[in-house]
Amino acid sequence: MTTPIPRDIPDLPVVPGIPALLPAPVPASAVVAPVRHPLTAVYRLLIALAAVTGVTIELFLGSPVRVLTFFAVQSNILLALVCVSAARRAWSARRPLPSALTGATLLYVMITGSVYHLLLVDGTPPFTMTPTVHGPSGWASLASQLLQTVTPVAAALDWLLLTPPARLRVRQASTWMLYPLIYLALTLTRGELILPGTSGRYLYPFLDIDLHGYKSVLSNALLLGLACYALAVVLVAVDHARPNTVHHRAKTGFRL
């Protein structure tokens with residue numbers, strides 16, 4: 001037999017000093033199921049393949065040491081590495097690469113394409129990364145187009161269509177400029193260490209001190225640096241203005 005509970009028990013007073021429980025924030029990654037993007041992964045692997053193909057052709061046609069000193073080759077090697085890593089993440093539904101890395105890679109290949117089509121493509125003699133008399137032709141022309149036209153356009157399309165917007169930041173632009181500045185300093189130093197009159201002493205005609213002198217070359221470098229920084233700022237602005245074309249069709253639920 002149990003004793004009945006009395007009905008006249010007073011309510012217990014509230015104990016002071018005990019804070020109310022606050023709702024714990026739950027990260028979106030713990031609620032939203034991961035989404036795989038196999039088509040995005042395949043597209044990025046194709047970009048990496050185009051970059052590797054162009055670099056490989058240039059290495060076979062010319063001196064590997066000289067070929068690897070070109071900005072176009074270095075930026076495409078970086079693009080290939082980033083695209084392979086990004087493709088793996090898209091295939092396995094992992095977090096994307098940091099925007100500082102992808103933004104820098106995009107800027108460098110955009111610089112490659114812009115400099116080639118605005119300053120080099122109509123030069124006399126025609127610009128080439130391999131020593132030829134009549135300019136790039138055959139395999140050399142294919143490699144040049146892959147490295148300086150195909151991959152910049154493909155990387156821009158990947159950024160515009162397959163990457164979520166508003167990830168780039170203006171403060172990252174100054175950091176991105178460190179590599180072009182270091183590259184410029186090393187290129188001019190390389191030219192000074194090579195004997196005057198040597199063919200291919202300077203890699204780019206607008207940086208050729210033998211033709212233009214120090215004053216003109218430094219002026220060209222300053223204008224090019226300002227243009228590259230402006231391009232970086234434009235990329236950030238477009239990244240925040242463009243619509244989100246990446247649609248996630250995923251069920252929600254907690255992941256263990």
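Visitor: How do the residues lining the largest cavity divide into nonpolar, polar and charged?

Guide: In this predicted model, that lining has 17 nonpolar residues, three polar and no charged. Asp, Glu, Lys and Arg are what count as charged, so none of those four turns up in the lining.

Visitor: What makes this a cavity rather than a pocket?

Guide: The test is whether a 1.4 Å probe fits but cannot get out; a pocket is open, so an enclosed space goes down as a cavity. The structure holds one cavity of 30 Å³ or more, and the volume of the largest is about 290 Å³.

Visitor: Which residues are closest to the centre of that cavity?

Guide: Phe71, Ile111, Val115, Tyr183 and Leu224, out of 20 that line the space. Two or more lining residues come from each of α4, α5, α8 and α9, and α5 gives the largest share, five residues.

Visitor: What makes a set of residues a nonpolar core?

Guide: Its members are buried residues of types such as Ala, Leu, Trp and Tyr, joined through side-chain atoms within 4.5 Å. The largest one here has 45 residues, and Trp176 and Tyr204 touch the most other members. As members, those two must be buried, which means under 20% relative accessible area. Once again α5 stands out: nine residues, the largest share of this core, come from that helix.

Visitor: Which residues does Trp176 touch?

Guide: Leaving out residues up to four places away in sequence, Trp176 touches Ser99, Ala100, Gly103, Ala104, Leu107, Tyr108, Leu168, Ala232 and Val236. They count as contacts because heavy atoms lie within 4.5 Å.

How values were computed
Residues numbered from 1 in each chain as written. Predicted model: local features only at pLDDT ≥ 70, side-chain atom pairs only at ≥ 80, totals over all residues. Heavy atoms only, no water. Buried < 20%, exposed > 50% of the residue type's maximum accessible area, 1.4 Å probe, protein only. Helix = DSSP H or I, 4+ residues; strand = E, 2+ residues; numbered from the N terminus. 1 Å grid on protein atoms, 1.4 Å probe; cavity = no way out; pocket = protein on both sides within 12 Å on 5 of 7 lines; lining within 4 Å. Points joined across faces, edges and corners; volume = space filled by probe spheres on them.
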